[in-house]
Amino acid sequence: MSKKETFRVKRAPTIETEITVPGDKSISHRSIMLAALSNGVCKITNFLEGEDCLATAEAFRQLGVTIEHPEPQTMVVHGSKGVFKQPEGDIYCGNSGTTMRLISGILAAQPFTCRLTGDPSLTKRPMRRVIEPLSRMGAKINAEGPGDTPPLRIEGGPLTPITYNSPVASAQVKSAILLAGMFSKGVTTVIEPALSRDHTERMLEYFQVQLRRDEVRPERNREPKEYKVSLVGLQTIESRDFEVPGDISSAAFWLVAAAAQPGSRLLVKNVGLNPSRTGLLDVLVRMGARIREVVEVVEQGEPSGVIDIKGCSLHGTVIEGAEIPNVIDEIPILAVAAALAKGETVIRDAKELRVKETDRIAAIATNLRAMGVEVTEAPDGMTIKGGSKLKGAKLPSYGDHRIAMAFAIAGLFATGETVIEDVECVATSYPGFDVTLKQIQKGSGLLSRTTPVISSLGR
Ligand SMILES: O=C(O)C1=C[C@@H](OP(=O)(O)O)[C@@H](O)[C@H](O)C1
Ligand SMILES: C=C(OP(=O)(O)O)C(=O)O
């Protein structure tokens with residue numbers, strides 16, 4: 001996609017198709033990292049060639065790791081057992097918070113200094129959340145930007161393990177500490193206030209690292225639970241091949257497009273169904289969507305399979321509390337679903353959205369209002385009054401991939417034309433989104449009448 005591209009979207013026919021989506025972004029990042037730390041050669045297939053994950057691959061090349069790219073979506077990583085070379089220049093993490101925060105955990109343990117930079121969006125994102133625990137482990141990290149923002153200068157060295165009570169349920173914080181813990185002698189523990197995505201834990205186990213996971217109730221039999229993960233450092237990370245499942249956060253856009261349109265039916269195949277990521281399906285079911293999901297594979301620690309969704313008229317819901325980390329990246333598209341649903345949807349406990357690629361609460365509220373939707377903003381969320389007709393509008397993406405894609409879907413339901421500006425950011429997580437968008441607008445790729453309806457399992 002070239003610079004300053006737009007999506008021009010018009011009302012679409014019902015969706016009746018089956019699709020696959022590119023590889024999972026979170027898992028693709030981790031596959032490069034764990035393969036690089038491993039003791040041999042790992043072939044990663046269905047790797048997401050989004051800019052964020054390519055930035056992670058490039059970072060490890062700069063650290064001296066040989067990474068081949070023999071064919072599309074395949075990366076062959078020659079593990080270096082955690083021994084890296086000092087990079088010549090800065091490591092550029094692009095738009096990717098995951099790259100910067102996770103790699104910080106690894107660099108904290110290296111016997112050299114390096115500097116991490118990013119694009120204007122990443123340069124505004126808070127890094128205290130990783131600086132604090134990694135400094136407690138012994139790293140010297142200096143955030144050069146105002147208010148602990150990047151660039152980060154990391155002077156690594158020997159680390160001591162810690163037990164860290166994380167104030168946020170963040171997979172990036174948890175993963176940075178666990179990766180640092182792999183370089184320190186003794187037990188590193190992270191306790192989080194709600195379960196964030198657990199791909200790092202699952203992939204470490206798949207690479208033969210032993211760890212322990214517990215659900216703890218701080219006061220006996222009282223909710224909310226806390227989630228505890230511990231590992232002993234200096235374990236060998238055994239090289240493994242890995243196939244990345246499709247990204248449910250990318251599938252989310254089409255799932256909502258189908259869910260909100262009576263008469264639509266969509267099958268998404270080979271998509272990740274890790275329970276720490278499927279909160280979107282729970283929310284859509286609460287809104288009235290008819291969904292069945294079938295886990296077909298649980299190899300390599302990550303469940304994946306098919307989602308079968310039928311459109312109907314949706315109604316409002318409440319999204320809050322421990323569910324928020326599970327749907328954190330899906331809130332922009334869930335807000336669009338809320339605008340299309342009858343009644344009110346309340347989103348709370350989601351102040352994290354203010355520090356993503358953009359302030360997503362403000363971006364969602366502004367764009368929904370431009371389409372004629374009544375939205376009340378709160379510091380940690382919003383209330384959306386759904387059910388009125390969406391008006392086509394010219395909308396900024398705020399340089400945020402998920403805002404760009406969510407509002408392209410809103411445009412499929414709006415009167416007139418919706419134009420999303422500056423959509424090149426979509427390449428960070430979903431190359432090919434524009435192709436599927438065009439197909440769906442044309443109504444192509446209809447399901448054949450023989451496509452079996454999934455009848456087992458379901459929600
Ligand atoms: O660990 C990861 O791969 C991610 C964790 C989440 O961020 P936080 O850890 O900041 O919640 C999520 O928003 C991001 O897209 C990817
Ligand atoms: C927040 C996101 O990613 P990251 O934190 O890696 O930039 C995202 O993909 O929505």
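Domain bounds here come from an automatic or database domain assignment. With that in hand, let's look at this predicted model, starting with its ligands.

Ligand 2 has both domain 1 (7-23 + 246-442) and domain 2 (25-188) contributing to its shell, so it lies between them. The residues around ligand 2 are Asp52, Ser96, Gly97, Thr98, Asp329, Lys356, Glu357, Arg402 and Ser429.

Ligand 1 also draws shell residues from domain 1 and domain 2, and therefore lies between them. Around ligand 1 you will find Ser26, Thr98, Ser170, Ala171, Gln172, Ser175, Ser196, Arg197, Ile328, Asp329 and Glu352. Helix α5 (residues 171-181) supplies the largest share of that shell, 3 residues. Thr98 and Asp329 are worth finding on screen: they appear around ligand 1 and again around ligand 2.

Here is how the two shells divide by class:

| Shell | Nonpolar | Polar | Charged |
|---|---|---|---|
| Ligand 1 | 2 residues | 6 residues | 3 residues |
| Ligand 2 | no residues | 4 residues | 5 residues |

Now for the protein interior. In soluble globular proteins, nonpolar side chains tend to be buried together. In this model, the largest nonpolar core holds 82 residues, and the members that touch the most others are Leu255, Val256, Ala337 and Ile409. Helix α7 (residues 248-259) gives this core its largest share, 10 residues. Separate from it is a second core of 68 residues, with Leu54, Ala108, Leu116 and Met182 among them.

Ile409 makes a good place to zoom in. Setting aside neighbours within four places in sequence, Ile409 is in contact with Phe253, Val256, Ala257, Ile333 and Val336.

How values were computed
Residues numbered from 1 in each chain as written. Chains lettered and ligands numbered in written order. Predicted model: local features only at pLDDT ≥ 70, side-chain atom pairs only at ≥ 80, totals over all residues. Core = buried A, V, L, I, M, F, W, Y, C linked by C-beta atoms within 7 Å. Buried ≥ 20, exposed ≤ 12 C-beta atoms within 10 Å, placed from the backbone. Helix = DSSP H or I, 4+ residues; strand = E, 2+ residues; numbered from the N terminus. Contact = placed C-beta atoms within 7 Å. Near = placed C-beta within 6 Å. Nonpolar A, V, L, I, M, F, W, Y, C, P; charged D, E, K, R; others polar.
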